[in-house]
Amino acid sequence: ENVFQLNLQLTMMAISRSTADSWMSLAEMQVFVSLLTSFVMTVLKLKEAWFFYGFYEAVKQAKQRNQWTEGDNAEARLEKISFVAYRIYFVAFLLVLGLIYALMKLVAILVCDDCLFNITGCVHLK
């Protein structure tokens, strides 16, 4: 949700930027602060995923060293943790892709003539 919001805000900023007469009005500065907050929150989500990766590796190593004392239930718990870990890896991958796309949109606001960017490159409105 953070990356979606970030990309939507960047698109709205690019549209307003392409129609504005002056650079960085008060409203655009407020949007920029909101963009920065969304970016920081997305990076923090990635950091959480990284911490979970460390937890998952510690659990796998404990299993390999036979440090589990819970008997047969340990295998089922490790399978559940593995399933969650793979889902988190996939979501983290999508977050990274979304952040890269958002950064490309941010650069496009400064580089493109009409301030808009799509997968294929700069979008020309006129």
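This is a short talk about the disulfide and the largest pocket in this structure.

Okay, so first: this is a predicted model, where local features need pLDDT of at least 70 and side-chain atom pairs count only at pLDDT 80 or more, while totals for chains, interfaces and linings use all residues. Residues are numbered from 1 along each chain as its sequence is written, and side-chain values use heavy atoms, with hydrogens and water left out.

Let's start with the disulfide, meaning a pair of cysteine sulfur atoms within 2.5 Å. We get one by that rule: Cys-112 is joined to Cys-122, S to S 1.8 Å. Cys-112 sits in the loop between H3 and strand S1 (116–118) and Cys-122 in strand S2 (residues 121–123), so the bond ties together parts 10 residues apart in sequence. Helices (H or I, at least four residues) and strands (E, at least two) are DSSP runs, numbered from the N terminus.

Which hand does it have? The torsion about the S-S bond of Cys-112 and Cys-122 is about -70°, so it's left-handed.

And are the two cysteines buried or exposed? Cys-112 is buried at 6% relative accessibility, and Cys-122 is partly exposed at 38%. Buried means under 20% relative accessible area, exposed over 50%, partly exposed in between (1.4 Å probe, protein chains only).

Now the pocket: on a 1 Å grid over the protein atoms alone, where a 1.4 Å probe fits, that's an open set of points with protein on both sides within 12 Å along at least five of seven lines; lining residues have an atom within 4 Å of a point. H3 gives the most to the lining of the largest pocket, five residues. Helix H2 (26–64) and helix H3 (73–111) each supply at least two.
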